[in-house]
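Student: Take me through one part of this structure in close detail. I would like the strands first, then whatever packs on them, and finally the contact between chains.

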Amino acid sequence: MDMTRRAALLTSAAIASSVAFPMRSLFAQETPRKGGVFTVHYGAEQRQLNPSLQASTGVYIIGGKIQEQLVDLDEAGKPVGVLATSWEAAPDGKTITFKLRDGVKWHDGRPFTSADVQFTAMEMWKKILNYGTTLQLFLTAVDTPDPLTAVFRYERPMPLNLLLRALPDLGYISPRHIYEGKGDIRQNPANLAPIGTGPFKFVTYERGQHVIADRNADYWRPNAPHLDRIVWRVVTDRSAAAAQMEAGQIHYSPFSGLTISDAARLGKDKRFIVSTKGNEGNARTNTIEFNFRRKELADIRVRRAIAHALDIPFFIENFLGDFAKRGTGPVPSVSTDFYPADNGPQYPFDKKRAAALLDEAGFKAGAGGTRFSLRLLPAPWGEDITLFATFIQQSLADVGIRVEVVRTDGGGFLKQVYDEHAFDLATGWHQYRNDPAVSTTVWYRSGQPKGAPWTNQWGWTDETMDKIIDDAATEVDVAKRKALYGDFVRRANTELPIWTPIEQIFLTAISAKARNHSNTPRWGSSSWHDLWLAE
Amino acid sequence: MRILTLAGRRLAASIPTLFLILIGVFVLLQFAPGDTVDALMAQMGGGDAETAKQLRQYYGLDVSAWAQLGNYLWRLVRLDLGFSAIYGKPVATVIAERLPATILLMTASLSLAFFFGLIFGVIAARGVNRWPDTLISTLGLVFYAMPTFWFGLMAIVVFSIYLQWLPAGGFEDITVARTGFARTLDIASHLVLPTLTLALFYMAIYLRIMRGSMLEVLTLDFVRTARAKGMDETRVVVRHVLRNALLPMVTLIGLQAGTMLGGSVVVESVFSLPGLGRLAYESVIQRDLNTLLGIVFVSALLVITVNFIVDLLYARLDPRITTGS
């Protein structure tokens, strides 16, 4: 499964210099064309489309064009105001004041004000939004001294730098007048027909077929958007999606929506651009999670032996192509703000060392060379995970650990791993969200309630780690925070409750006719106000 | 009158079957780990345990499985299919939205398969062991052995990507608003490839059956008598042989109306059609029990109806098959 050299160059260039050469500059001499319909591959339908209630790329890919957040990331990956124009934190970190944009209107014509921000933050982010409930746990109130000022008040210090990195994903605003006093927020019809302030207005959602949004003529950014319409086509079959791209029915397939081989094939075609560019903010690591309730796995020597037994570079080269690289820890290398200079111990492929560690731990090879057996649950989110599970199974057989792979679908995986703890090893993805406090540290912090997906359900408790995590979450000083997360990464790699051996960035396939695309680190989720289609 | 009695008796007999099917599906789905809230959490990409508890309460998943089944059957008796957890709409509405695509696909494929199966079967039987028979039988074998999804993808590669004649997927073109005849034509062009994909497999079966039963009937005494009377060959085939050879074909349609729904899952996925098959698949993945049971209920009704029509056709084709004894 060789990737083309061109694709390889594109990728390495994208990873190495995503900031230095924004795509936009390449097309700077062209004048944007007004009009056109942009069609998007929509692989997994969601129960609702309001990003104030659900943080996931499946929602942003549609809802993020219709609703807007206070802050987004710019081409250089720095926070830039959208509905907020400026922000300021009090020295104690307990008050953060946002100045809001003037003259912004909801799609139904009502003005956008600080009351919308207050309602969304208190009723949606703090109570319903996944990851928002954790982020805003200590938010006590949002004051609205005037229609264009929102003052966030926290019980404990909230690092401004954390909030600004979290808000691009967890900071979407919903219209108060549509939700307040209309019963259960989760069941509001606007969740499936969102009303926002964004460049595109919701038109229709035909389940199983398509979602359509049209140009918002009253949009606050001058001369935007360029497109007339966006159509998201529901295509659940990955090969069918690739075929529809080739037939010209789809312009864009985001978030690794195609199979690895189809992506490689389209990468060779001049009509398409296949790269990881524009997804730097959606980095993910492949993980191996160890269940500490098994006495073998509670022994650190066994966890290290398992890590040493896998030839990761071989797996990446032969199964993932050039779009993946060796992982170094829970904070991926694209995170310029938090990637530490020293990641702590790494576990290079060394079968002899693995066998020695297992012997040392007292698990000698029995009859037939088997030391013990483990149940491995692969998450069903992607073909790389399925391949990796088989690779783990075969590699561990070489050092005398018999692995039974138990395949399930999404619901089954979460239930067995996070609620029933019915696994020995699990393998899946951890998605990094620009700041470790948003969704990374909960994988390591002890005391997580049973049944909460993507949290520490491994039975691992470590006071040192808990203290690092808690201190970093409320540390207002930027440099000290970064240092604490360095400690966090080193501790994670030393104790190895989860191993993060592979680092990947989502892959995008897009028509070469698209302009101004992939120009921010979370472009697939962004508003596309400057996107246009060349003839 | 006779037909009405037959209809009544058939319907009465199918009600217990329907309930058994529903209970069976319900029990089977209980064996799958996780429920709709787990699936919801997977989709959200995270959430806390408290939210999960609230959602379970909201969807009525906090009571025992038997209580859930009891609730469901009691609602069903009152013709209420319940509320879909994924779609946030009544199940009846969700199914009604998906039914047209599936019915259209199934009717088109079944008619196509039946029509060409019949014609090719007759041609093959008439030229048995000569080149038309060899050609048709070989092609039939190829279509029968070929996986549906593979044929679908190949059809897309040839007709959509290279030739650019037909759309690669979807139910209609949404980038341009069409009405009336133009829209009908547009939908028809979207259905050509999926219909063909689904039909070829069934056509292969019908062709074999038709060929076999034609050959069998051709050897019977009354055919010899007809020929001896000096009747010309076309009339022998059309009036005497065909009518008798059709019986096994008709039986097969009744049996296959059900399997076709299963086959449409693949075709609907490959061609991104908003049909019942894909809805059923997604309901299983999402553990949306109400929708799944609703689909089972509607497809069981569909199969019962088709079988009922087949019985009527049977009586028409062969008067010896009476309704009473």
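Tutor: What follows starts with one strand of chain A and works outward from there.

Keep in mind that this is a predicted model. The strand to begin with is β13 of chain A, residues 283-290. Is it open or enclosed? Eight of its eight residues are buried, so β13(A) is largely enclosed by the rest of the structure. The cut-off behind that word is under 20% relative accessible area. Look at the two faces in turn. On one side sit A:A283, A:T285, A:T287 and A:E289, all buried. On the other side sit A:R284, A:N286, A:I288 and A:F290, and these are all buried too. Both faces of β13(A) are therefore covered, and no residue of the strand escapes the count.

Now the partners. Strands of a sheet pair through backbone hydrogen bonds, either parallel or antiparallel. β13(A) is joined to β18(A), residues 498-505, by six bridges, and the two run antiparallel. One place to find this pairing is A:T285, whose bridge partner in β18(A) is A:E503. β13(A) also pairs with β17(A), residues 425-431, in the antiparallel sense, here over seven bridges. Along that pairing, A:R284 stands opposite A:Q431 of β17(A).

Step across to β17(A). This strand is mostly covered as well: six of its seven residues are buried. β17(A) is also joined to β15(A), residues 372-378. That pairing is parallel and has three bridges. To locate it, take A:L377 in β15(A); its bridge partner in β17(A) is A:A426.

Return to β18(A) and go just beyond it. A:L507 lies in the loop between β18 and β19 (508-511) of chain A. A:L507 counts as buried because its relative accessibility is 11%. Its surroundings come from elsewhere in the sequence. A:F323 is 184 residues away in sequence, yet the two C-alpha atoms are 7.7 Å apart in space. A:F323 is also among the residues that A:L507 touches. Others on that list include A:S253, A:P254, A:F255 and A:S256, then A:A263, A:V274 and A:N279.

Another loop gives a second buried side chain. A:Q54 is placed between β1 and α2 (57-66) of chain A. At a relative accessible area of 1%, A:Q54 is buried. Its side chain makes a polar contact with the side chain of A:Q46 at 2.8 Å. The side chain of A:Q48 is a further polar partner, at 3.5 Å.

Next, another sheet of chain A. Four strands form an open sheet in the order β4-β5-β7-β6, with antiparallel pairing. β4 (84-89) and β6 (139-146) stand at the edges with a single partner strand each, so one side of each has no neighbour in the sheet. Neighbouring strands are turned by 20 degrees against each other on average, direction ignored. Within this sheet, β5(A), residues 95-100, is joined to β7(A), residues 149-154, by five bridges. A:F98 has A:A150 of β7(A) as its bridge partner.

Helices pack here. α3(A), residues 114-125, lies across β5, β6 and β7 of chain A, at about 170 degrees to β6(A). α5(A) packs on the sheet too, touching β4, β5 and β7 of chain A. Its direction makes about 45 degrees with that of β5(A). How covered is α5(A), residues 160-170? Ten of its eleven residues are buried. Among them are A:N161, A:R165 and A:D169, as well as A:L162, A:L163 and A:L164.

Last, the contact with chain B. 48 residues of chain A are in contact with 46 residues of chain B. The two chains bury about 3,900 Å² between them, 53% of it on carbon and sulfur atoms. The count of salt bridges between them is one. A:D409 and B:R287 form it through their side chains, at 2.6 Å from N to O. Eight residue pairs across this interface are in polar contact. On the chain A side, the elements giving two or more residues are β1 (37-42), β9 (210-215), β10 (229-234), α7 (238-246) and α14 (410-419). α14(A) gives the most, with six residues.

Technical notes. Residues numbered from 1 in each chain as written. Chains lettered and ligands numbered in written order. Predicted model: local features only at pLDDT ≥ 70, side-chain atom pairs only at ≥ 80, totals over all residues. Heavy atoms only, no water. Buried < 20%, exposed > 50% of the residue type's maximum accessible area, 1.4 Å probe, protein only. Pairing = 2+ DSSP bridges. Axes fitted to C-alpha atoms, helices over the stretch in contact; angles between N-to-C directions. Contact = heavy atoms within 4.5 Å. Buried area = accessible area lost by both parts, 1.4 Å probe. Salt bridge = Lys/Arg side-chain N within 4 Å of Asp/Glu carboxyl O. Polar contact = N/O pair within 3.5 Å; in protein donor to acceptor, adjacent residues only side chain to side chain. Lists of a residue's contacts leave out its neighbours within four places in sequence.
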